[in-house]
Amino acid sequence: MITPVWIILVVGCIALIAMAGYTIHLGLRLKQLEQQAEQDTANLHHEIAAVNNAAMGVGQRLISVEKKHKTFVQNQQQMALTNFEFRPYDQVTGSAVNGLNADELVDRYGLPEAEADLLTLLQSTAK
């Protein structure tokens, strides 16, 4: 006959075996989670490196654009100065086209006589 002590021992052994199996299962699950965490961390490092490289590329491109912009602004300023210097010649040429003679160009705009003669000669041959 089976005594209650033996039943308790058998039930205890079965419980211990079940707990050992569950402990092994938890250990394997923990190992899987650690591997997944390591893989996720590696992926995040890779993505951070990619974003960092992209940001550096954007920064370099921005620096390049700023340099081009600065050059463009300098060229614009230089052209504005250059165009400002030639505006009186546009007025003189327009006056010559409208029929002012060399003496009137000299009097009105202070041109040298040779230059005024050249402008009137060019305008008369253009007609």
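**Exercise 1. Find the residue that caps the N-terminal end of helix α2, and describe what follows the helix.**

Solution. Begin with the helix itself, where a helix is a DSSP run of H or I with at least four residues, numbered from the N terminus; α2 covers residues 102–109. Next, look at Asn101, which caps the N-terminal end of α2 with a side-chain oxygen that lies 3.2 Å from the backbone nitrogen of Asp103. Finally, move to the other side of the helix: just after α2, Gly110 takes a positive phi of about 70°.

Before going on, note that this is a predicted model, in which local features need pLDDT of at least 70 and side-chain atom pairs count only at pLDDT 80 or more, whereas totals for chains, interfaces and linings use all residues. Residues are numbered from 1 along each chain as its sequence is written, and side-chain values use heavy atoms, with hydrogens and water left out.

**Exercise 2. Decide whether Ser95 is buried or exposed, and list its contacts beyond four places in sequence.**

Solution. First place the residue: Ser95 belongs to helix α1, which runs over residues 4–97. Then use the cut-offs, by which buried means under 20% relative accessible area, exposed over 50%, and partly exposed in between, with a 1.4 Å probe and protein chains only. Ser95 counts as buried because its relative accessibility is 11%. Lastly, leaving aside neighbours within four places in sequence, Ser95 is in contact (heavy atoms within 4.5 Å) with Leu100, Leu105, Arg108 and Tyr109.

**Exercise 3. Work out how Gly12 is classed, and how far its C-alpha atom is from that of Ser124.**

Solution. Gly12 also has its place in helix α1, and since its relative accessibility is 29%, Gly12 counts as partly exposed. The two residues are 112 apart along the chain, and their C-alpha atoms are separated by 124 Å.

**Exercise 4. Describe the overall form of the protein chain from its elements, its radius of gyration and its spans.**

Solution. Start with the elements, which come to three helices and zero strands, in the order α-α-α from the N terminus on. Then compare the radius of gyration, taken over C-alpha atoms, with the globule rule of 2.2 Å times the number of residues to the power 0.38: a compact globule of 127 residues would be near 14 Å, but the protein chain has 47 Å. The spans of the C-alpha trace along its principal axes are about 145 × 20 × 20 Å. To complete the picture, add burial: 9% of the 127 residues count as buried.

Technical notes
Polar contact = N/O pair within 3.5 Å; in protein donor to acceptor, adjacent residues only side chain to side chain. Helix = DSSP H or I, 4+ residues; strand = E, 2+ residues; numbered from the N terminus.
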